[in-house]
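Ready for some practice in reading a protein structure? Keep the sequence and the 3D view side by side, try each task yourself, and then follow the worked solution.

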Amino acid sequence: MLDNTAAILAFATKWRHWGGGPTEDIFVEFGLTAPQYFERLHQLLRNRNRIAAHGVSPIVHDQLRAICEARLARRRWEQGPPPRQVARPENSEGVKMASFETTSAPLPRRSNTDPPAEVDRIDHGTDGDQNHSR
């Protein structure tokens with residue numbers, strides 16, 4: 001694997017005031033998706049001595065680390081929550097199984113006492129002017 005540490009640090013330092021750089025520029029420059037790039041940068045930042053050898057000050061180091069953590073957290077948030085875990089049923093001896101399995105089971109349905117769905121609907125103005133009072 002090609003060691004492009006200097007290029008990654010130069011790019012990150014240049015774009016640190018604007019949140020780390022545009023996804024498109026990251027891909028063109030390094031051939032990596034933004035999450036891959038920020039994961040690589042985050043790994044590089046774990047070694048303060050190596051980063052200091054490239055001329056990155058402790059203040060810039062901390063700024064870059066915060067940007068990496070924010071961009072990686074945003075990516076995890078955009079992917080959505082992890083699958084819910086459901087305990088396996090008890091076995092024939094009445095002992096619960098220790099392991100878990102994931103499921104993508106839908107959320108529970110509304111009960112009859114909940115208000116109708118029309119009450120909860122948010123009008124985004126996409127269905128014309130029917131829902132707007134004049």
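## Exercise 1: A chain of rings

At 61% relative accessibility, Trp-18 counts as exposed. Keep in mind as you work that this is a predicted model.

**Task.** Sort Phe-11 and Trp-15 into buried, partly exposed or exposed, and then work out what kind of aromatic pair Phe-11 and Trp-15 form.

**Solution.**

Step 1. Begin with accessibility. Buried means under 20% relative accessible area, and exposed means over 50%. Phe-11 has a value of 7%, so Phe-11 is buried. Trp-15 has a value of 22%, so Trp-15 is partly exposed.

Step 2. Follow the rings outward from Trp-15. Trp-15 pairs with Trp-18 in an edge-to-face arrangement, with 6.0 Å from centre to centre and 75° between the planes.

Step 3. Now see how many such pairs there are. The structure holds six aromatic pairs. In the pair of Phe-11 and Trp-15, the ring centres lie 6.2 Å apart and the planes meet at 40°, so this pair is tilted.

Step 4. Look at the backbone behind that pair. Phe-11 and Trp-15 are four residues apart in helix α1 (residues 5–15), so about one helical turn separates them.

Step 5. Put the rings together. One aromatic cluster is formed by Phe-11, Trp-15, Trp-18, Phe-30, Tyr-37 and Phe-38.

## Exercise 2: Two helix crossings

**Task.** Decide how α1 and α3 are oriented to each other, and do likewise for α2 and α3.

**Solution.**

Step 1. Take α1 and α3 (residues 34–45): their axes come within 11 Å and cross at roughly 105°. Angles of 65 to 115 degrees count as roughly perpendicular, so α1 and α3 are roughly perpendicular to each other.

Step 2. Find the residues that meet. From α1 come Thr-5, Ile-8, Leu-9, Phe-11 and Ala-12, and from α3 come Tyr-37, Arg-40, Leu-41 and Leu-44. Sorted by class, the contact of α1 with α3 has seven nonpolar, one polar and one charged residues.

Step 3. Turn to α2 and α3, which pack at an angle of about 70° with their axes 9 Å apart. The angle makes α2 and α3 roughly perpendicular to each other, therefore. Thr-23, Ile-26 and Phe-30 of α2 make this contact with Ala-34, Tyr-37 and Phe-38 of α3. The classes here are five nonpolar, one polar and no charged residues.

## Exercise 3: The core

**Task.** Which residues touch the most other members of the largest nonpolar core, and which element gives the most to this core?

**Solution.**

Step 1. The largest nonpolar core has 19 residues, and Ile-26, Tyr-37, Phe-38 and Leu-41 touch the most other members.

Step 2. The elements that give two or more residues to this core are α1, α2 (23–30), α3 and α5 (58–79). Of these, α3 gives the most, with six residues.

Step 3. Zoom in on Phe-38. Setting aside residues up to four places away in sequence, Phe-38 touches Gly-19, Gly-20, Ile-26, Ile-67, Cys-68, Arg-71 and Leu-72.

Step 4. Add a general idea: in soluble globular proteins, nonpolar side chains tend to be buried together.

## Exercise 4: Two buried residues

**Task.** Where are Gly-21 and Val-60 found, and which residues does each touch beyond its neighbours within four places in sequence?

**Solution.**

Step 1. Gly-21 is found in the loop between α1 and α2. Its relative accessible area of 7% makes Gly-21 buried.

Step 2. Beyond those sequence neighbours, Gly-21 touches Phe-11, Trp-15, Ile-26 and Arg-71. Gly-21 and Phe-11 are 10 residues apart along the chain, and their C-alpha atoms are separated by 8.0 Å.

Step 3. Val-60 is found in helix α5, where Val-60 is buried with a relative accessible area of 12%.

Step 4. Again leaving sequence neighbours aside, Val-60 is in contact with Thr-13 and Arg-16. The C-alpha atoms of Val-60 and Ala-12 are 9.6 Å apart, although 48 residues separate them along the chain.

## Exercise 5: The whole chain

**Task.** How many helices and strands does the chain have, and in what order do the elements run?

**Solution.**

Step 1. The chain has six helices and two strands. From the N terminus on, the order is α-α-α-α-α-β-β-α.

Step 2. The chain has 134 residues, of which 20% count as buried.

Definitions and conventions:
Residues numbered from 1 in each chain as written. Predicted model: local features only at pLDDT ≥ 70, side-chain atom pairs only at ≥ 80, totals over all residues. Heavy atoms only, no water. Phe/Tyr/Trp six-rings, centres within 6.5 Å; stacked < 30°, edge-to-face > 60°. Buried < 20%, exposed > 50% of the residue type's maximum accessible area, 1.4 Å probe, protein only. Axes fitted to C-alpha atoms, helices over the stretch in contact; angles between N-to-C directions. Parallel < 35°, antiparallel > 145°, perpendicular 65-115°, else oblique. Contact = heavy atoms within 4.5 Å. Nonpolar A, V, L, I, M, F, W, Y, C, P; charged D, E, K, R; others polar. Core = buried A, V, L, I, M, F, W, Y, C linked by side-chain atoms within 4.5 Å.
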